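Hi everyone, thanks for coming. I'd like to walk you through one model today, so please have it open while I talk.

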Protein chains: 2
Amino acid sequence: MSITIRKIAKDLQLAVSTVSKALSDSYEISAETKRRVLEYAEKIDYVPNLYASTLKQRKSNNIAVVIPEVADSFFSAVINGIESVAQTKGYHVIVYLTHEDLKKEESILRDFRGGRVDGVLISVSGGAKRNSPIHDLSAKKFPLVFFDRACEEVEAAKVLTNDYESGYKATQHLIEKGCKKIAFLATAEDLEIINLRRKGYEDALRDHRLKSRREFILRCSNSEEDSYSLIHKMLCKKDRPDGIVGSIEKLTTLTYAICHDLKLKIPRDVKIIGFSNLPFASLLNPSLTTITQPAFEMGRTATILLFNILENKKGEVPNQRIILPSSLMERSSTK
Amino acid sequence: MSITIRKIAKDLQLAVSTVSKALSDSYEISAETKRRVLEYAEKIDYVPNLYASTLKQRKSNNIAVVIPEVADSFFSAVINGIESVAQTKGYHVIVYLTHEDLKKEESILRDFRGGRVDGVLISVSGGAKRNSPIHDLSAKKFPLVFFDRACEEVEAAKVLTNDYESGYKATQHLIEKGCKKIAFLATAEDLEIINLRRKGYEDALRDHRLKSRREFILRCSNSEEDSYSLIHKMLCKKDRPDGIVGSIEKLTTLTYAICHDLKLKIPRDVKIIGFSNLPFASLLNPSLTTITQPAFEMGRTATILLFNILENKKGEVPNQRIILPSSLMERSSTK
DNA sequence: TTTATTTACGAAACCGTTTTCGTGTACATC
DNA sequence: GATGTACACGAAAACGGTTTCGTAAATAAA
């Protein structure tokens, strides 16, 4: 007979319900009985079966984090933020990686209906979300919080940054440093945050009477090689940009590598500013001017929101929308 | 009535057992009945309750990854490796962060006894492991695989790198580049891999007739500020080292920052080699010579080992010990 | 025709908890 | 003495699946 609450009950001549209540410190049970139960449970090394109680209580104490990549300074900082609050709540964090693959994201989301997790924190991958299970979850009032990359058309709590402004400021910064031909590195997939950053970029150009050039807005692919050759091609041209806004970290470091390969001097030949949370942006050659997002804070805030929802299942928490501002850190790459 | 197997049974005038078997495509059920059940289940959007089946089958389809940090190029690459095989097996990866805190690690491990996960992949935090729950798990034959940082005294499968050799080679490299006074940055906590790397360092010094100096072996703390001041102090001295081996990534980048602050030129004033998996070590100022571990491969291999164990619960798989070699990537910081 | 065997399904036990609803005892209240 | 009320505990019904075992009918083998 394995070590269950039943065994304790039998050995101690008690009813299972009594043991169960004693273990959860119910007021119905006398101090003396509690002591006996606790002591004996300890002695025989009783460990409650997680799944039995989950089944009964309909609560897994798990939350899911769905992100594109983990090898990214932004997302790894976010995870730390998430974990910092989940841990205080006794919750477990299951990490799901989509690798920017929409199909994978959908299959992950579908799986959540089984109850493996009580809530979801998600930063979506690019692409259309028409018949995505994300709508199902939202429609079923499944506890859901978006962070950084949200689905505008889905009703849910959201923690975002001021992407439009950041795109604007980044571009303006380059303009102030004398750039006339500024390129913008975007992702291939349609992402709201990238669109906003690009909008900020375009508006900054317009406001400063610089013309916006189609060929300077690069829709890079998810494959590093493809992106490499795209950016490489642009930088090889006679009429190459003198300033670059990297809308995601990967593309920015990639551009650095390309400039190294092409013997282009940063910032003399090209100035670069990138959205990035690299803790050692200042150690790069040259140190990188960044738009730095409050990654840890975003993780923390999103998780707090999620727990607000979780703990108020009945109360119907309104779908908050929180904006945490990013900041521009000027370094040598735009000197 | 919520959507359960019982509802399907009632609506279709079948027994619950029939429905259950139909859903799991049992040979006992006729094709016609299966079709009816599947169709109806689809129609009413039936989703099986994960915990009910887990309770009965005693299998969670979760594996745990216990690591010190996620914001580290090595560990995030490992996670990718782990996830790449877990996904093909239909398993879910729960990430646990210890932040190098032994107490936290222990409480995490203790929790595993409840059955939340079917197996554990772990890279231990420093410190003594005398009465650690890790021994319990191992004693109970709980599926367990160590990677990178193992507990030597615990019987379990292990995936490691050639730390002794790497420490030796790194030091030898500095010696060949003309360094006479080589420092070694270690962690405060006792870690087997760090000890091995240090042993390699010491042996290399001895083999090349260089004296080993106590004050050049720095036991850095877990706190960045403390480590900063420790390294800073060493580098401020007249008699400072002309070469540094960073045994972990964090300490290496930290040393870079300190050198910048102190206006020490790398590699002219100090040469630096670090254990690191930074994808852009070559973009640092100056580019960093590294000992690079096969991080993704380690994650992959460890997970494959774990599944070997999981899938052979009866067969008692022997505790393998796999060594994946690291490689020295020479760059400018040791020119 | 009688006896096996196969096929397709049902009844009920089971996994290990939690929770609801009693119930008997002791003590206080009227 | 009858009634009310804490108190401490027990019996049994959940939770939603899986699994075992039994059985009626159909088919095959004797």
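**Around the DNA**

Let's begin at DNA strand C, which 28 residues surround, the closest being A:I5, A:S17, B:A15, B:S17 and B:T18; "near" here requires a C-beta atom, placed from the backbone, within 6 Å of the strand. The elements giving two or more residues to this surface are α1 (5-12), α2 (16-23) and α4 of chain A, along with α2 (16-23) and α4 (50-57) of chain B. A word on those labels: helices (H or I, at least four residues) and strands (E, at least two) are DSSP runs, numbered from the N terminus.

Before going on, two notes on what we are looking at. This is a predicted model, where local features need pLDDT of at least 70 and side-chain atom pairs count only at pLDDT 80 or more, while totals for chains, interfaces and linings use all residues. Residues are numbered from 1 along each chain as its sequence is written, and chains are lettered from A and ligands numbered from 1 in the order in which they are written.

Back to the surface near strand C: its residues divide into 11 nonpolar, 12 polar and five charged. For these classes, Ala, Val, Leu, Ile, Met, Phe, Trp, Tyr, Cys and Pro count as nonpolar, Asp, Glu, Lys and Arg as charged, and the others, Gly among them, as polar.

And which residues are closest to DNA strand D? They are A:A15, A:S17, A:T18, B:I5 and B:S17, out of 28 residues that surround the strand. On this surface, at least two residues each come from α2 and α4 of chain A and from α1 (5-12), α2 and α4 of chain B. The class split near strand D is 11 nonpolar, 12 polar and five charged.

**Chain A meets chain B**

Now for the protein-protein contact. Chain A puts in 33 residues and chain B 32 residues, where two residues are in contact if their C-beta atoms, placed from the backbone, lie within 7 Å. On the side of chain A that touches chain B, α4 (50-57), α5 (73-88), β2 (92-97) and α11 (249-262) of chain A supply at least two residues each. Of these, α5(A) gives the most, with six residues. By class, that side of chain A has 20 nonpolar, 10 polar and three charged residues.

**Two helix pairs in chain A**

I picked two packings to show you. In the first, helix α8 (residues 163-176) of chain A packs with helix α9 (residues 192-207) of chain A at an angle of about 40 degrees, their axes 7 Å apart. Axes are lines fitted to C-alpha atoms, for helices over the stretch in contact, and angles run from 0 to 180 degrees between N-to-C directions. That angle makes α8(A) oblique to α9(A); under 35 degrees counts as roughly parallel, over 145 as roughly antiparallel, 65 to 115 as roughly perpendicular, and the rest as oblique.

The crossing of α8(A) and α9(A) is right-handed, a term used if the near helix is turned clockwise from the far one by less than a right angle, with anticlockwise giving left-handed. Residues making this contact include A:Y164, A:Y168 and A:I175 of α8(A) and A:I193, A:L196 and A:Y201 of α9(A). By class, the contact of α8(A) with α9(A) has eight nonpolar, five polar and six charged residues.

In the second packing, α1(A) and helix α3 (residues 31-43) of chain A meet at about 120 degrees, with axes 11 Å apart. They are therefore oblique to each other, and α1(A) passes α3(A) in a right-handed crossing. Here A:I8, A:D11 and A:L12 of α1(A) touch A:R36, A:V37, A:Y40 and A:A41 of α3(A). That contact has five nonpolar, no polar and two charged residues.

**Backbone oddities**

To finish, some backbone geometry. Most residues other than glycine have a negative phi, and most peptide bonds are trans.

Where do we find cis bonds? One runs from A:N285 to A:P286, with omega near -5 degrees, and A:P286 lies in the loop between β9 (271-275) and β10 (289-292) of chain A. Another runs from B:I266 to B:P267, with omega near 5 degrees; B:P267 is in the loop between α11 (249-262) and β9 (271-275) of chain B.

As for phi, B:D25 has a positive value near 55 degrees and B:D45 a positive value near 60 degrees. B:D25 sits in the loop between α2 and α3 (31-43) of chain B, and B:D45 in the loop between α3 and α4 of chain B. B:D25 is exposed, with 9 other C-beta atoms within 10 Å, and B:D45 is exposed too, with 10. The cut-offs are 20 or more other C-beta atoms within 10 Å for buried, 12 or fewer for exposed, and partly exposed in between, with C-beta atoms placed from the backbone.
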